[in-house]
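Reader: I should like to go through this model with its terms set out explicitly. Please set each value against its definition.

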Amino acid sequence: MDPLKQYACEVIDSDAGLLNAISTEIWNLKELAFEERKSHDALTRFLEDQGFRVERHFKLQTAFVARWGNQGRDVEGYSPHVAVLCEYDALPDIGHACGHNLIAEIGLAAAIGIKAAMEKAGNKLWKLSIIGTPAEEAGGGKIDLLNAGVFDDVDVAMMSHPTSFTDARPIFLGSKRLYANYHGKASHAAGFPWEGVNALDAAVLCYMNISTLRQQIKPNWRIHAIITKGGTKTNIIPAETEMLIQVRAPLESEGKELEEKVKNCIVASATATGCTVNITDVVKPYQSLATNETLAQLYESNGTLVGMEFPQINNKKILGSTDMGNLSHKLPCLHPTYHCGTEAVNHTVDFATAAGSPEAQPSTIAQGKILAMVALDIFQNPELLKKIKQDFKAGSTL
């Protein structure tokens, strides 16, 4: 192994206990999107203690950036800028059921490993940023930071996501949410039902329309729907109901096609029941994840150095959607998934339990080492960054 990589790994191992403690603290906090105040403080405090230049509450109240290395851009020399991302928001009711406490831990591990190697190499042109990106689960924090120009001078962004399978080129679908708000007419459900126009019937019919539509959509398309408002009393015909509907597809064109089909389901149920409906697009849709092939190969080659195995994947699994997708269409990104010691699937109580367990630690620490080694490859080899950017311009794989 390259001496700098070896040194980075040794530094990460030496602080494994502290990294685990911070991960556990975040796991216990279970803070929701844009409310990750104590998690933000724990992460920034650690990075400050490690000597990083930290800006708390950076652009967003619970975002941050921690910097090390060259402050500017040297046009004469090779001065790559690598960003390692942390996520740390939880899910309502079930806590860290997507393992964002582990993602934060990976970011910290990579941070201290890369910084130590940078200091040992004595190269003053390399630039490292650790960026805290809140609200991945609901609010699209990376989209806000992207729009605020936070990533304008970043060459490569990277993170790693825990799940029940390892994949250097995972599928994350584009995602868009819609609100359907039905309006009918209230009436006494027993005395004068014929005077009412039932908005709950419209919502139920819409749900059934969508369920029927699922039989005719492509295998990698997804539709989810819940009724968020269904009425107030059983003896009052509901005059207003609300639904939240989510559509996902791997390509933007497919997402638009699916969205149109779903909107037809929404309108048809209003027509059938005599209701009116307002359809509202939820802001900040997530784009599909574009995998940079050179970065994926670097992840695999460095993963083998720490004993990772990469099984042959015949039927790729779809994990969901991420705001890292939006970022991956603006600059080269690495976002693999790794087996974190459980067969439980994300967004379940069992996965939340696994994310806080000791069994998740060996693979999580290994991910920090891998990201550190990928960054060191980029720092030390200008040709690699050229190839990464060529891949990005040519169109990364989905």
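Reader: What is the volume of the second largest pocket?

Author: The second largest pocket has a volume of about 330 Å³. The model is predicted, so local features need pLDDT of at least 70 and side-chain atom pairs count only at pLDDT 80 or more, while totals for chains, interfaces and linings use all residues. Residues are numbered from 1 along each chain as its sequence is written, and side-chain values use heavy atoms, with hydrogens and water left out.

Reader: What makes a set of points a pocket, and which residues are closest to the centre of the second largest one?

Author: On a 1 Å grid over the protein atoms alone, a pocket is an open set of points with protein on both sides within 12 Å along at least five of seven lines, and lining residues have an atom within 4 Å of a point. By that criterion 17 residues line the second largest pocket, and Gly174, Ser175, Glu252, Gly255 and Tyr286 are the closest to its centre. Helix 7 (252–273) gives at least two lining residues, as do strand 8 and strand 10; the share of helix 7, 4 residues, is the largest.

Reader: How is the lining of the largest pocket divided by class?

Author: The largest pocket has a volume of about 910 Å³. Among the 35 residues of its lining, Glu137, Arg177, Gln246, Arg248 and His347 lie closest to the centre. The lining divides into 18 nonpolar, 11 polar and 6 charged residues. In this scheme Asp, Glu, Lys and Arg count as charged, Ala, Val, Leu, Ile, Met, Phe, Trp, Tyr, Cys and Pro as nonpolar, and the others, Gly among them, as polar.

Reader: How do you know that the span of helix 3 agrees with expectation?

Author: The expected span is 1.5 Å times one less than the number of residues. For the 13 residues of helix 3 (residues 37–49) this gives 18 Å, and the end C-alpha atoms are 18 Å apart, so the two agree.

Reader: Which residues of helix 3 are called buried?

Author: Buried means under 20% relative accessible area (1.4 Å probe, protein chains only). Ser39, His40, Ala42, Leu43, Thr44, Phe46 and Leu47 of helix 3 meet that limit. The buried residues pack against helix 2 (16–29), strand 1 (53–56), strand 2 (64–69), helix 4 (100–121) and strand 4 (127–132), where contact means heavy atoms within 4.5 Å.

Reader: What makes strand 2 and strand 4 a pair?

Author: Two strands pair if DSSP finds at least two bridges between them. Strand 2 and strand 4 have 6 bridges in the antiparallel sense, and therefore qualify.

Definitions and conventions. Buried means under 20% relative accessible area, exposed over 50%, partly exposed in between (1.4 Å probe, protein chains only). On a 1 Å grid over the protein atoms alone, a cavity is a set of points where a 1.4 Å probe fits but cannot get out, and a pocket is an open set with protein on both sides within 12 Å along at least five of seven lines; lining residues have an atom within 4 Å of a point. Grid points are joined across faces, edges and corners, and a volume is the space filled by probe spheres set on the points.
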